[in-house]
Amino acid sequence: MREETKIEEEIYMGGIAICANPEFKGGMEGFKNYIKTNFKFSNKVTIENDTIQASFVINRDGILTAAELLKATDNQMGKQLIQLLKKSNKWNPGNQNGKLTSNKLFITLYIKTEILKKSISRTTH
């Protein structure tokens with residue numbers, strides 16, 4: 001008698017997959033607004049211009065995990081970005097072919113000190 005093996009995973013032939021990336025509640029505009037609203041700049045910023053880069057994972061439950069600072073000249077601003085990411089509300093998770101997936105995302109903040117100094121001086125008067 002011959003035994004049959006049942007395969008639980010789906011096997012895809014070809015290269016077609018339907019994917020949806022994770023989405024912040026409110027979309028990317030909502031995420032940008034969350035960062036803009038909550039990222040606080042010190043009036044003691046000494047770096048002329050800076051680029052802060054970080055990565056993070058949105059897991060299958062929509063929870064932001066594994067936030068990692070990749071680049072920042074000013075460590076305080078970099079740490080602040082990581083803290084903001086960690087406090088982020090739950091996301092709608094990504095999926096592939098209807099199955100929830102964990103996805104790694106990247107964020108880059110461009111700090112323009114001249115614009116920042118003008119903005120801070122307006123808010124402190």
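In this predicted model, an open sheet is built from three strands in the order β4-β3-β8, with antiparallel pairing. The edges of the sheet are formed by β4 (64–71) and β8 (103–112), each of which pairs on one side only. On average, and with direction ignored, neighbouring strands of this sheet are turned by 20° against each other. As a general matter, strands of a sheet pair through backbone hydrogen bonds, in either a parallel or an antiparallel arrangement.

The two pairings of β3 are set out below.

| Strand pair | Sense | Bridges | Facing residues |
|---|---|---|---|
| β3 and β8 | antiparallel | 10 bridges | F56 and L105 |
| β3 and β4 | antiparallel | five bridges | I58 and L64 |

Strand β3 covers residues 49–58, and F56 has L105 of β8 as its bridge partner, while I58 stands opposite L64 in β4. The hairpin of β3 and β4 has five residues between the strands, and in this hairpin G62 takes a positive phi near 85°.

Helix α2, comprising residues 75–86, lies across β3, β4 and β8, and it runs at about 165° to β4.

As to confidence, the protein chain has a mean pLDDT of 82, with 72% of its residues reaching 70 or more. Over residues 118–125, however, the pLDDT is below 50, and this stretch has three contacts in the model beyond near neighbours in sequence. Where pLDDT is low, the predicted coordinates should not be read in detail.

Terms used. Residues numbered from 1 in each chain as written. Predicted model: local features only at pLDDT ≥ 70, side-chain atom pairs only at ≥ 80, totals over all residues. Heavy atoms only, no water. Pairing = 2+ DSSP bridges. Helix = DSSP H or I, 4+ residues; strand = E, 2+ residues; numbered from the N terminus. Axes fitted to C-alpha atoms, helices over the stretch in contact; angles between N-to-C directions. Contact = heavy atoms within 4.5 Å. pLDDT = per-residue confidence, 0-100.
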